[in-house]
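Ready to practise reading a protein model? Take a look at the sequence and structure, then try each exercise before you read its solution.

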Amino acid sequence: MSITIKDISKNFGKFAALKGVNCEVRTGELVALLGPSGSGKTTLLRIIAGLEFAEEGQVFFSGRDVTDHSAYQRKAGFVFQHYALFQHMNVFENVAFGLRVRSARSRPKESDIRARVESLLETVQLADYAKRLPSQLSGGQRQRVAFARALAIEPEVLLLDEPFGALDAKVRRELRTWLREFHNTVHLTSLFVTHDQEEAFEVADRVVIISEGLIQQIGTPSEVRSNPANTFVEEFLDVAQFTA
Amino acid sequence: MAARRHVLPGFGLTLGYTLVYLSIIVLIPLSALFLKSFSDGWEHVWKTITEPRVVASYWVSFGLSFLAALVNGFFGVIAAWVLARYRFPGRKLLDAIVDLPFALPTAVAGIALTTIYARNGMIGHVLEPYGIKVAFTQLGVFIALTFIGLPFVVRTVQPVIQDLSADVEEAAATLGATRWQTFWRVIFPALLPSILTGIALAYGRAVGEFGSVVFISGNLPFKTEITPLLIITKLEQYDYAGAAALGFVMLVVSFIILLVSNGLQAWDQKRRGV
């Protein structure tokens, strides 16, 4: 499924977070939304998920207008920076949640739920942790549970908000590699927000650079690096190389 | 066995103080109560605590307190929710009003409640034509017990609601949960331990309540008489052993309630696999 953003504008009070943003994530693509903090990247992701609503513009999923759909109608897989796991449920129940809340008609049988959750925990290498509570896991493990939970509902798009932001450098690198490999096997249309240029360039097929509510450049990592569209991108990448 | 070392020393000192303090404030008076009850022998104790008028008062005290605590459990959560979740004009004032039952002398509360719920009172005269009597009935006792228990639920649940992170609810929504499902499956289980604690505290407070109830209840034997009032009555008749025996019954029941409440919480944690 593809995502199309058309002329999206969003204000928080007097602050204009997004000023007429257009972009597209093609089917099966892994795109990074890259920008400094306060650039509007997370707001844009939340608008796509239906967690925030824009004053102007439209959101399309595969050409279908979902602008007025709420988050629970859109069912985009969403991974939060701070995991947002259900603390009172064990790992298994966290992952099963999206299946259990379906209406009786579309809810899978208990045995199917079990099989699906177990295979997902296998995918994220947490099969032995099904009975643990989130509080008994490390940060990296928690984020993998959050991945599995988002994937359980078989979303057609995966949205990730700084998914590695709260993790230490080593785990971040591991999980980043894992995400890329996972994407290579499944090709789930994915959009992830990051302020880390290295992360964006290493993982994404294409990078969308955003600043002050405006898109500065869209392109593959090598295009952006060899041909910065404007001085902002140039300086932003320079700083990145400097700090990396 | 080598003693475990702590960064801050003082285990012996603090435990010692705690024991001395608890002994003087709680344990010694309660033991005295226990000993006093049996000063006139077992038979007198049994006779006192099974007297029909006394048994009727148990229902009023324990039964109505329980109902009041449950009602507070329900409305207290709603009040806590509004105060924790929304910003509206007058919120701070409302927040302060919740604590009034804590601070107000209970006798004042009792007199005020009696005044407005009496037949010619502000609310009483509205209810009168419908045949609803509040003052000097069990309904009145129930209202007084609800009044004094309200802050407990609100104050235990409110900080927990404030600490719930919004992204957990958003996660539930992106997973396809309706608002109703998000509340029952995600928010309510997180609040449940604090709700149980609040209800237990409100119940404990209501069982021991005296000041506000004696005014609104009218103290009719077999109808609106509460156990603490009977204790006073016994004291006035110089039946100290009898008064102590009733006190002892209240003590035992309160203790059982606290045990059950702790047990419920332990069960809840075990169920969640903590």
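The exercises below go through single residues, a sheet, a contact between chains and a whole chain.

This is a predicted model, in which local features need pLDDT of at least 70 and side-chain atom pairs count only at pLDDT 80 or more, while totals for chains, interfaces and linings use all residues. Residues are numbered from 1 along each chain as its sequence is written, and chains are lettered from A and ligands numbered from 1 in the order in which they are written.

**Exercise 1.** Find out where E55(A) sits and whether E55(A) is buried or exposed.

*Solution.* Start with the chain: E55(A) lies in the loop between α1 (41–49) and β4 (56–61) of chain A. Helices (H or I, at least four residues) and strands (E, at least two) are DSSP runs, numbered from the N terminus. Next, use the burial rule: a residue with 20 or more other C-beta atoms within 10 Å of its own is buried, one with 12 or fewer is exposed, and one in between is partly exposed, with C-beta atoms placed from the backbone. E55(A) counts as exposed because it has 10 C-beta neighbours inside 10 Å. Finally, leaving out residues up to four places away in sequence, E55(A) touches S9(A), K10(A) and N11(A); contact requires C-beta atoms, placed from the backbone, to lie within 7 Å.

**Exercise 2.** Do the burial step for R100(A).

*Solution.* First place the residue: R100(A) belongs to helix α3 of chain A. Then count: R100(A) has 17 C-beta neighbours inside 10 Å, so R100(A) is partly exposed.

**Exercise 3.** Work out the order of the six strands in the open sheet of chain A.

*Solution.* The order is β6-β7-β8-β3-β9-β10 (chain A), with mixed pairing. Two strands pair if DSSP finds at least two bridges between them. At the edges are β6 (77–79) and β10 (214–219) of chain A, each pairing on one side only. Now zoom in on one pair: β9 (residues 206–211) of chain A and β10(A) run antiparallel, joined over five bridges. Within this pair, V207(A) has G219(A) as its bridge partner.

**Exercise 4.** Describe the side of chain A that touches chain B.

*Solution.* Begin with the counts: 22 residues of chain A are in contact with 19 residues of chain B. Elements giving two or more residues to this side of chain A are α2 (71–74) and α3 (91–100) of chain A.

**Exercise 5.** Sum up the make-up of chain B.

*Solution.* Chain B has 13 helices and zero strands. Of its 274 residues, 32% are buried.

Key. Two residues are in contact if their C-beta atoms, placed from the backbone, lie within 7 Å.
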